[in-house]
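Trainee: Could you walk me through this structure? I would like to learn how to read it piece by piece.

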Amino acid sequence: MESSFAGVDWASEKHDVVVQNAAGEELLAASFAHDEAGLRSLCRQLVRLNVQLVAIERPDGVLVERLLDAGLRVLALHPNQVAAARARFRVSGGKSDRFDAFVLCELARTDHHRFRVLEPDSDQTKALRALCRGREDLVQARVALTNQLRAELERFWPGAVKIFRSIDSPIALAFLEKYPSPIEARTLGEQRLAAFLRRQQYSGGKTPRELLRKLRSAPEGRAGETEIRTRRQLVLALVGLLRPLVAQIKELERQLARALDEHPDGQLFRPLFRDPKSVITAAELVSEIGDCRGRYPTGDALAGDAGQAAVAIESGKRKVACYRWACNKRLRDAFCTLADSTRHWHPWAADHYARQIARGHDHPRAIRSLGRAWCRVLWRCWQDRTPYDPARHRALQQHVSVTIPGASGPRPDTAATQRMLGDAVTRQGGPKAPSATRLTASRHPLTRIVR
């Protein structure tokens, strides 16, 4: 039977489908409900029509999983690609769900060689991604509630905001639960506060007298008794929402650490973080990059999807590099976090960042430039399934290489180079890496000559 192609315009309640044969003749144009019967009928029709490729505007979800489970090959197209192709078939600018399904079907039929077939990740990677994204959503909710609580306290009791470093910390929330307004805190003295700190296992390094001074030195509000009682109820409500939310985030982080340790690629990027307990960014990198090695054929492809590579725009004599908006936002944040953390302790990363600043780039652009350099390193580790090893990082080896003068010219000092490499990138007990200022003091910082 002749192969055919399909385009699916998905929605929350129904999916419009257009199927064409290789010559462009329409074989099916229908809508299927987003329920079990509709999805079964959709997959059955596509299999019956011997559909070779299915084009859709999303890479995941129940519909995509059902299409893959039915043995169909899926092209996940970006909505911008579909929007740019509409004018090929309708210059009036009109748009409808059935027309979008037709455009997707045409792209699958005529331009499928320009797109990559979707290859799903393993169940472990999907679970890790769900944990990372779930934690991210909870953190956003925590930040919103924390800002609301801080604003509420600033209106009538600013001292409660200043007594502890973080207002969403467990000890700060416990304090606000016990003393939600200045009325309850009127009789608070050093002994009572010291007993409270002991119960909460306070480790902030401040004495009860210092904490009370911070509480009393803040501006006093002029709210009346009725307003204070009302705002007290609001503070208790916000604290009641924040305490279980903070606990759930901590529990998700523990689950995230366990899932990362059990993942086949879980140890690839852990050595890139100096703190052995740092797992959030490493888990985000593993989950967002995925485990399909064909997804990113080159390091530059990974840099582009991660938003670390600029977009070149050329027209006549004009040539500029613009910020890349269309990318995986979570992957971009993970690489920017990696770049910003490594520039403080990794000598090669610090030097790369310092050179970008010396060229006149601002901090965000210098971070993206360093992130692009890290993309190439991580891509190699990912392709080889080998954890990051400083001894195999050639750029780092060149940067910390030590040479000594000789009769026939400078020669490498292997022992000194290895000691410098170990001191620079050790995660525990070693001295700090050279700062960016020191690295830019020499015109050629890649080679150190010992005299």
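Trainee: Which residues lie nearest the centre of the largest pocket?

Mentor: Good place to start, and keep in mind that this is a predicted model. The lining of the largest pocket is made up of 39 residues. Those that lie nearest its centre are P59, A76, L118, R295 and D305.

Trainee: Which helix gives the most residues to the lining of the largest pocket?

Mentor: The elements that contribute two or more residues are helix 2 (62-69), helix 3 (79-85), helix 5 (123-156), helix 12 (299-305) and helix 13 (329-342). With four residues, the one that gives the most is helix 5.

Trainee: How many residues of the lining of the largest pocket are charged?

Mentor: Let's sort the lining of the largest pocket by class. It has 16 nonpolar residues and seven polar ones. The pocket has a volume of about 1,600 Å³. As for charged residues in its lining, there are 16.

Trainee: In what order do the five strands of the open sheet lie?

Mentor: Look at the edges to get your bearings: strand 3 (26-33) and strand 5 (73-76) each pair on one side only. From one strand to the next, the twist averages 20°. The pairing in this open sheet is mixed, and the order is 3-2-1-4-5.

Trainee: Do strand 1 and strand 4 run parallel or antiparallel?

Mentor: Find strand 1 at residues 4-9 and strand 4 at residues 51-56. Across this pair, F5 stands opposite L53 in strand 4. Five bridges join the two strands, and their direction is parallel.

Trainee: In what sense do strand 1 and strand 2 pair?

Mentor: Strand 1 and strand 2 form a hairpin, with four residues between them. Six bridges hold the pairing, and its sense is antiparallel.

Trainee: What are the bridge partners of G7 in strand 2 and in strand 4?

Mentor: G7 is part of strand 1, pointing the same way as F5 and D9. In strand 2, its bridge partner is V18. In strand 4, the bridge partner of G7 is A55.

Trainee: Why is strand 1 said to be largely enclosed by the rest of the structure?

Mentor: Follow the two faces of the strand: S4, A6 and V8 point one way, while F5, G7 and D9 point the other way. Residues on both faces are buried, where buried means under 20% relative accessible area. Strand 1 is largely enclosed because the number of its six residues that are buried is six.

Trainee: Which helix packs on the sheet at about 40° to strand 2?

Mentor: Helix 2 lies across strand 1, strand 2 (14-21), strand 4 and strand 5, and it runs at about 170° to strand 4. Another helix, at residues 97-110, touches strand 1, strand 2, strand 3, strand 4 and strand 5. The one whose direction makes about 40° with that of strand 2 is helix 4.

Trainee: Is P271 buried, partly exposed or exposed?

Mentor: P271 sits in the loop between helix 10 (225-262) and helix 11 (280-289). Its C-alpha atom is separated by 9.3 Å from that of A282, eleven residues apart along the chain. P271 has a relative accessible area of 25%, and the partly exposed class lies between 20% and 50%. That makes P271 partly exposed.

Trainee: What percentage of the protein chain's residues count as buried?

Mentor: Let's step back to the whole chain, whose secondary structure comes to 18 helices and ten strands. Of its 451 residues, the share that count as buried is 43%.

How values were computed:
Residues are numbered from 1 along each chain as its sequence is written. This is a predicted model: local features need pLDDT of at least 70, side-chain atom pairs count only at pLDDT 80 or more; totals for chains, interfaces and linings use all residues. Side-chain values use heavy atoms; hydrogens and water are left out. On a 1 Å grid over the protein atoms alone, a cavity is a set of points where a 1.4 Å probe fits but cannot get out, and a pocket is an open set with protein on both sides within 12 Å along at least five of seven lines; lining residues have an atom within 4 Å of a point. Grid points are joined across faces, edges and corners, and a volume is the space filled by probe spheres set on the points. Ala, Val, Leu, Ile, Met, Phe, Trp, Tyr, Cys and Pro count as nonpolar, Asp, Glu, Lys and Arg as charged, and the others, Gly among them, as polar. Two strands pair if DSSP finds at least two bridges between them. Axes are lines fitted to C-alpha atoms, for helices over the stretch in contact, and angles run from 0 to 180 degrees between N-to-C directions. Contact means heavy atoms within 4.5 Å. Buried means under 20% relative accessible area, exposed over 50%, partly exposed in between (1.4 Å probe, protein chains only).
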